[in-house]
Every structure is written in C-alpha cells, then in structure tokens.
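User: Please take a close look at one helix in this chain, and set it against the strands and the chain around it. I want the reasoning spelled out.

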Amino acid sequence: MKIYNTLSKTKEEFKPITPGEVRMYVCGPTVYNLIHIGNARPMIVFDTVRRYFEYKNYKVNYVSNFTDVDDKIIKKAVEEGVESAEISERYIAECKKDMEALHVRPATTHPQATQEIGGMLEMIETLIQKGHAYVAQDGTVYFRVRSFREYGKLSHKNLDDLEGGKRSLLVSGEDQKEDPLDFVLWKPKKEGEPYWESSWCDGRPGWHIECSVMSRKYLGEEIDIHAGGEDLIFPHHENEIAQSEAANGKTFARYWMHNAFLNINNKKMSKSAGNFFTVRDILEKYEPQVVRFFMLSAHYRSPLNFSAELMEAAANGLERIVTAVSNLNFLLEKAENAQLRAEEERLLEEAKEFTMKFEEAMEDDFNTADAIAAIFELVKFANTNTGADSSAAYLSELIDRIKELSDVCGLAVEKKEGLLDDEIEALIEERQAARKARNFGRADEIREELAARGILLEDTREGVKWKRA
Ligand code: AMP
Ligand code: ZN
C-alpha cells in the first residue's frame with residue numbers, strides 16, 4: 001500500500017509500527033459554529049482511509065480532536081452572553097449529527113482540549129526543562145524554534161526565509177519573543193476568558209500543543225498517520241512536530257497526509273464572498289450519501305470544486321449503483337435455483353478483477369476516483385451477466401461484493417427493507433385515489449403490500465392512519 005507522505009513529497013510504501021495495526025490522528029474542527037462543507041472533506045476522506053484499513057483487517061485506533069478553547073469560541077460566547085463551554089458543547093453535538101448523516105464513523109476517541117490541560121502543562125514543562133521553551137516576563141511560554149534543528153521539514157520551508165517575513169513583528173515590539181519564529185505554548189489570561197492555573201501564569205494553551213499531547217496520550221509517542229487539510233501543514237503540523245519530537249525524542253508520525261481544499265464554483269469559500277455553506281445548508285438540498293459520493297469522486301490531494309452540475313453527476317452515479325443492487329435483489333427474490341451453476345462460478349471468478357482494481361486504486365494513495373470506477377465496472381458486469389435464470393447463490397454473491405466495496409466508501413447502496421415515511425404516505429395516497437376510482441382491487445393490493453412490510457392501516461373518520469406493526 002502506497003501513501004503520499006507530505007514529509008518526503010513522495011508516495012511511500014506503508015509500513016505500520018505494529019504489524020496489523022494503524023494508529024492515526026486527524027486534526028478536527030474548532031467548534032464555534034456549524035461545520036462547513038469544506039470541513040466535511042477531511043472527515044469523509046480520512047474516514048474512508050480508516051474503513052479501507054479495516055477492510056484489509058487492520059485494527060485501527062483513530063483519534064480526532066475537538067478544539068474547544070479558542071478566540072473564536074470565546075468571541076461567540078461573549079456575543080451570546082454564555083460560557084464558552086456552552087458554545088463548544090453545542091457545536092460538538094451539532095458536528096456529531098453532521099458526521100452521522102455523512103456516515104463518518106465516530107473516532108475511537110474524540111478528545112477535547114479543555115479536558116487535557118494537565119497533559120499540556122506537563123509537556124510544556126518538559127520542553128522548558130530541555131531548553132526548547134522559555135517563559136517571557138508576562139508569563140507567556142514560547143517554543144524556541146531554532147532549538148529544533150529540523151524545523152521546516154514538513155512544510156519544506158527554510159528558517160531564514162520564514163524569519164525574513166516575520167522580522168517586522170519584532171521591530172513593532174509585538175511581544176517578548178527571543179526570535180520572531182517562536183510560537184506560543186501558553187499565554188496569560190485576558191479579562192473574561194476561560195483560564196487554568198499554571199506555574200508561569202493563569203492562562204490558556206496555544207493552539208498547537210493540544211494535538212501533540214492528545215496524540216501521545218491516546219496513541220503513543222510514535223504514530224503511523226497524522227492527517228488534516230493542507231492549510232494545517234504550516235504552521236500547525238510543523239509546530240506539532242517540533243513540540244512532540246523535542247519533548248519525546250522520537251519521530252512523531254511516520255506518514256503525513258493532507259487533503260486539498262474544496263472550492264465553491266471555483267472560488268475559495270468565504271463568508272464575505274457570500275459562498276459559504278454549512279453541511280446543514282447542503283443537506284437541505286442533497287442526500288448525505290450524494291455529498292459523500294461527490295467528495296470521493298476526486299482524489300483527496302486534488303482540489304475539488306463544488307457545483308450543482310457535479311452534484312448532479314454524483315447523484316446519478318450513486319443511483320446507478322443503488323438501482324443495480326435493487327434489481328439484483330428483485331431477481332434474488334424470484335430466483336428459482338439456489339445452487340451456483342458452473343458458468344456462474346466462472347463469472348464470479350472473472351468478476352474478481354473488479355475487486356482487485358478497487359484495491360489497487362485504494363492502495364495507490366487512496367485513489368477513490370478510480371476505486372469508484374471499479375465499482376461501476378462491477379455494477380455493469382452484474383447488470384450484463386444476470387437474468388431471470390440466475391441462481392440465488394450467484395446473485396447474493398454479486399450483491400455482497402458491490403455492497404462490500406461501497407461500504408468501504410461509506411456508501412449504503414441497498415435500500416432498507418423497511419419503508420420510509422414518505423414512501424408509506426405516497427402509497428396511502430395512491431390507495432385513496434384507487435378507492436375513489438372504485439378500483440378496490442388495487443386498493444386492497446396496496447393494503448396487503450403495506451401489511452407485508454409491517455405497516456398497518458386504520459381507516460378513521462379523520463382519514464387513514466398508519467402505524468408500524
Ligand atoms: P478548522 O476548524 O478550520 O481547523 O478546520 C477543520 C478541518 O477542515 C481542518 O483539517 C482543515 O484543514 C479542513 N478544512 C477547512 N476548510 C477546508 C476546505 N475548504 N476544504 C477542505 N478542507 C478544509
Ligand atoms: Zn492538530
């Protein structure tokens with residue numbers, strides 16, 4: 001399996017630290033608002049990476065944090081006149097609803113920064129003791145960037161170039177850093193902000209330290225994969241590496257994966273440009289599965305453009321798979337022969353090619369676009385090579401294979417046995433219309449069909465009521 005590693009800028013063979021296990025950490029959102037459709041990209045992409053590893057029988061320990069202490073959260077809390085914890089808890093709950101809708105499975109652990117302050121104080125203390133951090137006069141603790149020789153290795157930046165861009169900050173007397181490159185580990189509280197006590201000052205952590213601490217606590221000092229959107233490469237991930245490797249004296253993460261950005265109609269999404277959409281906004285218009293299919297229709301390292309046309313193409317693509325599975329199920333219900341015939345055995349052997357193509361695509365740095373193309377090929381094969389005389393064993397096997405590969409992509413392509421409320425109501429309406437037209441045969445048929453699927457009708461004076469048996 002090959003993974004593109006931002007560290008080496010090449011695709012590398014994946015070798016887990018412990019055979020058969022994957023430890024991965026994905027930087028999660030800052031929770032001060034509903035998540036936007038761009039935030040959904042890393043969630044869906046790395047959930048799919050996790051699912052693929054599990055499909056290949058790896059045991060995956062997947063950690064993704066919620067940043068619940070931050071300027072934006074505090075600002076929102078002040079605006080609403082509530083505690084900042086109320087804001088973060090509210091948006092964590094909302095984020096989890098969006099994740100569930102998008103079939104993003106909950107992480108093994110979802111740590112929250114405010115619950116891990118003790119670990120942060122410890123790591124900062126270690127960094128001070130090792131000479132990698134220092135306390136300024138006002139109690140701010142800074143990481144001493146030049147003490148970590150490999151700083152810049154992830155973003156491929158040169159320290160002198162970086163410093164050039166920042167010199168003006170020191171000149172303006174911004175703060176008490178030794179060097180303009182140094183970044184904050186701990187900062188003094190401001191009036192009305194949440195704070196924690198420490199030996200340096202009452203204050204709160206800088207943003208980067210939380211991930212170093214939570215990754216170590218839940219996954220160990222060395223992990224396999226660290227991931228997030230490409231905007232996090234610098235400074236966030238560069239700083240995480242500096243903190244973790246300076247504190248632990250070990251390689252922090254072996255593989256660094258970054259997804260490219262999602263744009264809207266070829267423009268960067270922004271509130272001021274009026275093209276900012278939350279996941280909630282999008283789910284009002286599109287099925288969650290269509291959003292997921294759309295996100296996976298491009299390689300994760302390619303920019304992805306959100307547009308009505310592409311969403312329509314995604315809806316059609318998904319429909320092709322769903323229809324095929326439903327047709328196969330229809331044949332299966334009517335199938336007269338149970339046993340696999342020799343010819344079918346040969347066809348199933350032949351169709352293994354599509355599963356192989358799917359795996360090859362996924363193992364080439366998670367090329368989900370090609371993997372989905374392989375599912376389409378399998379679907380086409382199933383459509384062409386099945387019929388009224390197909391055996392139940394053969395049809396079931398084809399259904400299972402399509403479902404298994406779709407499931408790796410987080411797509412549930414089999415319509416649920418039970419009917420949805422809308423579908424029930426549509427059938428009831430049809431029955432009423434049939435009765436009005438004195439077509440009692442059809443009306444009874446609908447009643448029986450509903451009964452067979454566990455829906456009981458009751459004709460009352462106020463109209464037809466229904467309940468699930
Ligand atoms: P944030 O809450 O801004 O830290 O973002 C949470 C995650 O979403 C990070 O991994 C970001 O890199 C990612 N992200 C933010 N905006 C976009 C976007 N437009 N497209 C893809 N990923 C994004
Ligand atoms: Zn992080």
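Analyst: Two strands pair if DSSP finds at least two bridges between them. By that rule β1 (residues 2-5) and β2 (residues 10-13) pair, because 4 bridges join them. They run antiparallel. The model is predicted.

Start with the whole chain. It comes to 15 helices and 14 strands. Of its 469 residues, 48% are buried. The C-alpha trace spans about 90 × 60 × 40 Å along its principal axes. Among contacts with a separation of 6 or more, 74% link residues 24 or more positions apart. The chain exposes about 22900 Å². Carbon and sulfur atoms supply 48% of that area.

Now the helix, α4. It takes in residues 117-129, 13 residues in total. At 1.5 Å a residue, α4 should span 18 Å. Its end C-alpha atoms are 18 Å apart, so the expected span and the model agree.

Which residues of α4 are buried? They are Ile117, Met120, Met123, Ile124 and Leu127. These five cover an arc of only 125° around the axis, so they sit on the same side of α4. The spacing has a simple background. An α-helix has 3.6 residues a turn, so residues three or four places apart point the same way. On the other side of α4, Glu122 and Gln129 are exposed.

What covers the buried residues of α4? The cover includes four strands: β5 (133-135), β6 (141-143), β7 (183-188) and β8 (203-205). It also includes two helices, α6 (209-219) and α7 (233-248). After α4 comes Gly131, with a positive phi near 80°.

Back to the hairpin of β1 and β2. It has 4 residues between the strands. There, Lys9 takes a positive phi near 55°. Asn5 stands opposite Thr10 in β2. Side chains alternate along β1. Ile3 and Asn5 point to one face and are buried. Lys2 and Tyr4 point to the other face and are not buried. In a regular strand the side chains alternate between the two faces of the sheet.

Next, β9 (residues 223-229). This strand is mostly covered, with 7 of its 7 residues buried. Strand β3 (residues 21-26) joins β9 through 3 bridges, and the two run parallel. Tyr25 stands opposite His226 in β9. β9 also pairs with β10, in the parallel sense, over 6 bridges. Ile223 stands opposite Ala253 in β10.

Met257 lies in β10 (residues 253-259). Its relative accessible area is 0%, so Met257 is buried. Beyond its sequence neighbors, Met257 touches Ile3 and Tyr4. Its contacts also include Ile225, His226, Ala227 and Gly228. Others are Phe46, Val49, Tyr300 and Phe366. Thr114 is 143 residues from Met257 in sequence. Their C-alpha atoms are 26 Å apart in space.

Last, the cysteines. The cut-off for a disulfide is a pair of cysteine sulfur atoms within 2.5 Å. By this rule the count is 0 disulfides. The cysteine sulfur nearest to Cys95 is that of Cys27, 14 Å away, so Cys95 is in no disulfide. Cys95 has a relative accessible area of 1%, so this cysteine is buried. Cys211 is also buried, with a relative accessible area of 1%.

Notes. Residues numbered from 1 in each chain as written. Chains lettered and ligands numbered in written order. Predicted model: local features only at pLDDT ≥ 70, side-chain atom pairs only at ≥ 80, totals over all residues. Heavy atoms only, no water. Buried < 20%, exposed > 50% of the residue type's maximum accessible area, 1.4 Å probe, protein only. Expected span 1.5 Å × (residues − 1). Arc of directions from axis to C-beta. Contact = heavy atoms within 4.5 Å. Areas by Shrake-Rupley, 256 points an atom, 1.4 Å probe, with all protein chains shown as cover.
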